[in-house]
Amino acid sequence: MITFRVDAVPVAQPRQRVALVRGRARQYLPTQHPVNAYKAACAIAASQLEQKVVLEGPIALRAVFVLPRPMSQKPKVGPRLPHAKKPDGDNLAKSTLDALNGILWRDDSQISVLTVEKFIAASDEQPHAEIFLQPLGSE
């Protein structure tokens, strides 16, 4: 099993934007979007692992996203709580999987089991993402 932590605020993958350029539709993602910094933090955390191997075959991935505590709960002391608002868990997973393509696996199509958990940070913890990978053997 491969486990690592990304010490950054998890950011969901945004939708592509569309603009008309010379009468043709062009899809793009703004370069100044916060998801780019989160993806870079994921890539750095994964590249610092002792195991420098690109996994082949099916993979089970568990992603735990710990999101910032809302301002209304900041002064309160409290445990980690389930998060049931935006951002969506599937979009958080998408940005993380895209960031790790070519670093830990060839392509995110290899992920055959995906578990996503979202939490509000406990009063004494910083927002982060925890990634757990388990190769499932050959196809």
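**Strand pairing and local features of the predicted model**

Within strand β7, Pro135 is the bridge partner of Ile59. This pairing belongs to a predicted model, and it offers a starting point for describing the sheet. Ile59 also has a bridge partner in β6, namely Ile111. The strand that spans residues 59–67 is β4. Its pairing with β7 is antiparallel and comprises eight bridges, whereas its pairing with β6 is parallel and comprises nine bridges. Strand β4 is mostly covered, with eight of its nine residues buried. In general, the strands of a sheet are held in pairs by backbone hydrogen bonds, in either a parallel or an antiparallel sense.

These pairings form part of an open sheet of five strands, in which the order is β1-β7-β4-β6-β5 and the pairing is mixed. The edges of this sheet are formed by β1 (2–6) and β5 (81–82), each of which pairs on one side only. At the β5 edge, two bridges connect β5 with β6, and the two strands run antiparallel. Here Leu81 is placed opposite Ile120 of β6.

The chain as a whole contains two helices and seven strands. Along the sequence, these elements appear in the pattern β-β-β-α-β-β-α-β-β. Of the contacts in the chain with a separation of 6 or more, 81% are between residues 24 or more positions apart. Along the principal axes, the C-alpha atoms occupy a box of roughly 50 × 45 × 25 Å. The chain has 139 residues, of which 40% count as buried. Its accessible surface amounts to about 8500 Å², and carbon and sulfur atoms contribute 54% of this area. The chain carries 18 positive and 13 negative charges, and the mean positions of the two groups lie 11 Å apart.

A further pairing is found between strand β2 (residues 17–21) and strand β3 (residues 24–28), which are antiparallel and share five bridges. Within this pair, Val18 is located opposite Gln27 of β3. The two strands form a hairpin with two residues between them. Arg22 lies in the loop between β2 and β3, and its phi is near 50°, a positive value in a residue other than glycine. For comparison, most residues other than glycine have a negative phi, and most peptide bonds are trans. Arg22 has a relative accessible area of 85% and is therefore exposed, as this value is over 50%.

A second local feature concerns the peptide bond from Lys86 to Pro87, which is cis, with omega near 10°. Pro87 is situated in the loop between β5 and α2 (89–100).

Two residues in the last part of the chain illustrate buried and exposed positions. Glu130 belongs to strand β7 (residues 128–135). The relative accessibility of Glu130 is 18%, so this residue counts as buried, the limit being under 20%. The side chain of Glu130 forms a polar contact of 2.8 Å with the side chain of His128. When residues up to four places away in sequence are not counted, Glu130 touches Phe4, Arg62, Ala63, Val64 and Arg80. Of the strands already described, β1 covers residues 2–6 and β4 covers residues 59–67; the contacts of Glu130 include Phe4 as well as Arg62, Ala63 and Val64.

Gln126, by contrast, is positioned in the loop between β6 (111–120) and β7. Gln126 is exposed because its relative accessible area is 58%, a value over 50%. Apart from residues up to four places away in sequence, Gln126 touches Arg5 and Val66. Gln126 and Gly102 are separated by 24 residues in sequence, and their C-alpha atoms lie 28 Å apart in space.

How values were computed:
Residues numbered from 1 in each chain as written. Predicted model: local features only at pLDDT ≥ 70, side-chain atom pairs only at ≥ 80, totals over all residues. Heavy atoms only, no water. Helix = DSSP H or I, 4+ residues; strand = E, 2+ residues; numbered from the N terminus. Buried < 20%, exposed > 50% of the residue type's maximum accessible area, 1.4 Å probe, protein only. Contact = heavy atoms within 4.5 Å. Areas by Shrake-Rupley, 256 points an atom, 1.4 Å probe, with all protein chains shown as cover. Lys, Arg positive; Asp, Glu negative; His and termini not counted. Charge placed at Lys NZ, Arg CZ, Asp CG, Glu CD. Polar contact = N/O pair within 3.5 Å; in protein donor to acceptor, adjacent residues only side chain to side chain. Pairing = 2+ DSSP bridges.
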